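Take a look at the fold below. We start with the whole chain and then move in on one sheet and the helix beside it.

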Amino acid sequence: MTREEAEDSRDDMLIDGCEPQQRLDNAVPDGFDPNYLKVYYGKLFPHADIFKWMSYGNDGKHPGCDQSYFGRREFSFTLDNDIYLRFQSFNSASELENSIKEKCPFKIDIGPVYTVDPAKRHAYAQAGENVFTPVERELVFDIDITDYDDIRYCCSGADVCLDCWPLMTIAIKVIDTALRDDFGFNHILWVYSGRRGVHCWVCDGKARRLNNEQRAAIADYFRLYKGNENSNKKVSLVGPALHPFLVRSYIDVLKDFFEEKLLRSQNLFSNEERYEKILEMIPDESITSELRGKWQENRRSSISKEDINVVRWEQVKHLLQSGKQKAQGLRRCVEEIVFSFTYPRLDMEVSRHMNHLLKAPFCVHPKTGRVCVPIDPNHCEEFDPTSVPTLSKLLGELNMMGGLRAEGDNEWDRSSIGKSVSYFRSSFLQPLLKSCKEEIESSYGAKVQQSKNSMSW
Ligand SMILES: [Zn+2]
């Protein structure tokens, strides 16, 4: 039984037990159900906000708005029975909303904005015009906890718990800081993928207009994880000095996380198999055999009351960083070990190509029933994937609200995704649309000025 199934059955037992009458009446059986999804899309999914976001200010009245913009965006729907509808496009907020409500997709993916309406791409092809190509797309990142399976001992595969989730939290911190400070991006949305990872959408105009080559260059900037299944050395830090981005990540985030959390939460040195994995990253036989000797002895006596992982890590550091170890390579080893266990592991292919699809925020994950809610990078350590609202929880809340809703209220306001929708609006969407408006106005102004200048010649 997986952790999730265990949780589910606990919930069921509560519902079957002596719960108050009100709870019984409003409880909705747990799990994912297409009928619940219909209600979710009908009452809770923030259709209008997704439309506003994907329009980037072009739905306004200003003459600089590109009215065709939203209609050139690809959406794709995964329906029940894995029916996959690609190249869906919509010309208005209501078209988008009606289609979602009617088709009730298990998953909604968002693709790029093309040169022409993606639904009409064949017509253009028949006309002999080869004009169907992506022109804009958010810069996206995908981080999945299954890529950390060789360094987390609490879970594997799709499972995730509060001991390994912090690996995602620090990935958010490291990437978010670099995107803002090193690349100057401002409009960044982090979203829980609904099960085992996070997605990042960089939505600044200059990010959306990057070509594939530029995207690949940014992905490479973050690339450090060079390992494969057969190599224990996942990270190799070469050169006389570390890149400032890596130094900052190490000092501000990774080192403390490794020493204060991960060492103990994953018991990195607790047995021979685990410490051998770390010793294999140290390319000096005299050091590894000295440590190995100590630890094998230590197991027999075990006098120390201190945490064994902390003690052993201090011994590793002491030996590698002591004055005797002149070679820069060995001092660097401490950093290499920390990076190997903590540095973000990105799915590079997702970031490299404009036409990669990515699941839309506020979708419901069909396996967990959890809503893909935004994560505030400034408070990402507070985010708990196990307490994210599920479809059945939301439906229970809707039942509870019943007829109490006042006219004009949004249903999600008082549901447990209320906070997520208001975060999305106030912290992400409003500042984004403000800058889109400014951008549209100034580029229109420049165009008008240009045509005035050319007329006066
Ligand atoms: Zn775990």
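Begin with the contacts in this predicted model. Among contacts with a separation of 6 or more, 69% join residues that are 24 or more positions apart. The secondary structure comes to 17 helices and nine strands. The protein has 457 residues, and 34% of them count as buried.

Now the sheet. Four strands make it up, and the sheet is open. Read across it, the order is S5-S7-S6-S9, with antiparallel pairing. Strand S5 (139-144) and strand S9 (374-375) are the edge strands. Each of these two pairs on one side only.

Look next at the S9 edge. Strand S6, residues 188-192, pairs with S9 over two bridges, in the antiparallel sense. Here Trp190 stands opposite Ile375 in S9.

A helix packs on this sheet: H7, residues 166-181. H7 touches S5, S6, S9 and strand S7 (197-202). The direction of H7 makes about 15° with that of S7.

How far apart are the end C-alpha atoms of H7? They are 22 Å apart. The helix has 16 residues, and at 1.5 Å a residue it should span 22 Å, so the two values agree. The expected span is 1.5 Å times one less than the number of residues.

Which residues of H7 are buried? The run Ile170, Ala171, Ile172, Lys173, Val174, Ile175 and Asp176 is buried. Leu167, Met168 and Leu179 are buried too. Note that the buried residues of H7 include Lys173 and Asp176.

Conventions
Residues are numbered from 1 along each chain as its sequence is written. This is a predicted model: local features need pLDDT of at least 70, side-chain atom pairs count only at pLDDT 80 or more; totals for chains, interfaces and linings use all residues. Two strands pair if DSSP finds at least two bridges between them. Two residues are in contact if their C-beta atoms, placed from the backbone, lie within 7 Å. Axes are lines fitted to C-alpha atoms, for helices over the stretch in contact, and angles run from 0 to 180 degrees between N-to-C directions. A residue is buried if 20 or more other C-beta atoms lie within 10 Å of its own, exposed if 12 or fewer, and partly exposed in between; C-beta atoms are placed from the backbone.
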